[in-house]
Amino acid sequence: MIDHLLRLYPAAYRRAHGAEIAATYRELTAGEPLGPRLRDAAELAGHALRLRAGLGPGTAAARMLGTAYPLVLVASAAASGLHLLRWYAAVAASPAPLGVQLRSDLSGVWGVLLLSSLLVFAGAAAALAGRWRAGVPCTVAGLLAFATAAVASGPALGDPVAGPAAAVLAAAALLGCPPDRRTEALAVGRAGTAGVAVALVLVPRAAVAAHAVPWISTDYGCWPLLVLAAAAAVTAWRNGSRGGDSRGARELAVRELAALALASPLLLAQAGTVAWGDPTALAVLATVLTAALAAVPLAGRLGRSRR
């Protein structure tokens with residue numbers, strides 16, 4: 001197996017490090033069951049493909065993906081959680097017996113959509129808790145399954161292009177982030193911020209669905225984007241002290257804006273489905289996006305002023 005895996009590496013890297021990689025792999029997997037061997041092989045394949053794509057640990061793209069990693073997990077958990085909440089609210093409001101609804105909803109494409117949403121939510125929660133070895137593959141598998149089912153369902157779930165494309169982009173961002181950047185991205189305090197962001201998206205929506213509050217409008221889908229932008233601003237504020245000189249500060253600002261742009265399509269696709277064709281909703285959505293793009297670099301500058 002290792003000989004086939006080595007072919008995935010760039011030729012120059014393979015000539016320089018191939019023998020060492022092969023010897024280490026054989027030593028680590030000697031006598032191991034099939035599961036751990038396949039996991040190690042998958043990690044090697046991911047490392048090789050990241051190097052081929054120019055995503056080595058020290059590259060600017062890898063640093064950007066490391067910044068985007070927790071935001072993409074937040075957006076994935078929030079988008080899948082919102083989908084599950086809408087389904088549950090529809091089940092609770094329906095007069096049909098629960099068994100009949102479950103048999104109907106869990107069959108065919110809709111069943112794949114619901115189960116993949118559950119897989120994304122569970123995987124993103126595990127990854128945010130630091131268990132990325134299990135969480136990232138689950139999240140990626142759920143996102144790809146959701147994208148496939150959304151294309152198959154056509155316009156029944158909204159835009160059959162934007163939503164699946166956003167899911168594939170999120171999966172690619174998670175896979176492209178090097179493992180060491182994943183650990184660094186969820187250092188002490190940041191995982192808690194990400195968890196709070198997911199809760200801030202879902203709890204108000206659940207309260208609306210349960211009629212526990214007199215009135216909160218999330219019909220335009222702007223609230224999840226505001227929460228994601230706030231999480232990005234907090235990240236930028238915390239990273240601000242790393243900016244150093246003006247060039248480093250500019251690089252940080254570009255990286256943080258790119259991270260927000262990479263994380264937001266999942267929530268933008270949901271908001272766009274509602275806002276499309278409604279001038280007021282589009283204006284509100286554009287205002288939210290403009291404010292988010294302005295707030296992130298501002299938060300980074302405020303973080304640098306703390307030094």
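The paragraphs below lead from the overall fold of this predicted model to its nonpolar cores, a buried arginine, the cysteines and a patch on the surface.

Read along the sequence, the chain follows an uninterrupted α pattern, with 14 helices and zero strands. Of its 307 residues, 43% count as buried, and the accessible surface of the chain comes to about 15,300 Å², of which 68% belongs to carbon and sulfur atoms. When contacts with a separation of 6 or more are considered, 75% of them join residues that lie 24 or more positions apart.

The interior is best approached through the largest nonpolar core, which has 57 residues and in which Tyr 69, Leu 143, Leu 174, Leu 228 and Leu 266 have the most contacts. Helix 4, covering residues 60-93, gives the most to this core, with 13 residues. A second core, separate from that one, is made of eleven residues, among them Leu 5, Ala 22, Ala 41 and Leu 44.

Tyr 69 offers a way into the surroundings of the larger set: leaving aside its neighbours within four places in sequence, Tyr 69 is in contact with Ala 127, Trp 132, Val 136, Leu 174, Cys 177, Arg 182, Ala 185 and Leu 186. One of these partners, Arg 182, has its place in helix 9, which spans residues 179-185. Arg 182 counts as buried because its relative accessibility is 7%, under the 20% limit. With neighbours within four places in sequence again left out, Arg 182 is in contact with Arg 50, Tyr 69, Trp 132, Val 136, Leu 174, Leu 175 and Cys 177.

The cysteines deserve a separate look, since the count of disulfides comes to zero by the distance rule of a pair of sulfur atoms within 2.5 Å. Cys 222, at 9% relative accessibility, counts as buried, whereas Cys 138, at 31%, counts as partly exposed.

Turning to the outside of the model, Val 196, Leu 200, Trp 223 and Leu 226 form a nonpolar patch on the surface, and together they have about 340 Å² of accessible area. Helix 10, residues 190-209, and helix 11, residues 222-239, each supply at least two residues of this patch. Leu 200 has its place in helix 10 and, with a relative accessibility of 43%, counts as partly exposed, because that class lies between the limits of 20% and 50%.

Technical notes
Residues are numbered from 1 along each chain as its sequence is written. This is a predicted model: local features need pLDDT of at least 70, side-chain atom pairs count only at pLDDT 80 or more; totals for chains, interfaces and linings use all residues. Side-chain values use heavy atoms; hydrogens and water are left out. Patches are made of residues with over 30% relative accessible area and no salt bridge: like charges are joined within 9 Å, nonpolar side chains (Val, Leu, Ile, Met, Phe, Trp, Tyr) within 5 Å. Accessible areas come from the Shrake-Rupley method with a 1.4 Å probe; for residues, only the protein chains shown count as cover. A salt bridge is a side-chain nitrogen of Lys or Arg within 4 Å of a carboxyl oxygen of Asp or Glu. Helices (H or I, at least four residues) and strands (E, at least two) are DSSP runs, numbered from the N terminus. Buried means under 20% relative accessible area, exposed over 50%, partly exposed in between (1.4 Å probe, protein chains only). A nonpolar core is a set of buried Ala, Val, Leu, Ile, Met, Phe, Trp, Tyr and Cys residues joined through side-chain atoms within 4.5 Å. Contact means heavy atoms within 4.5 Å.
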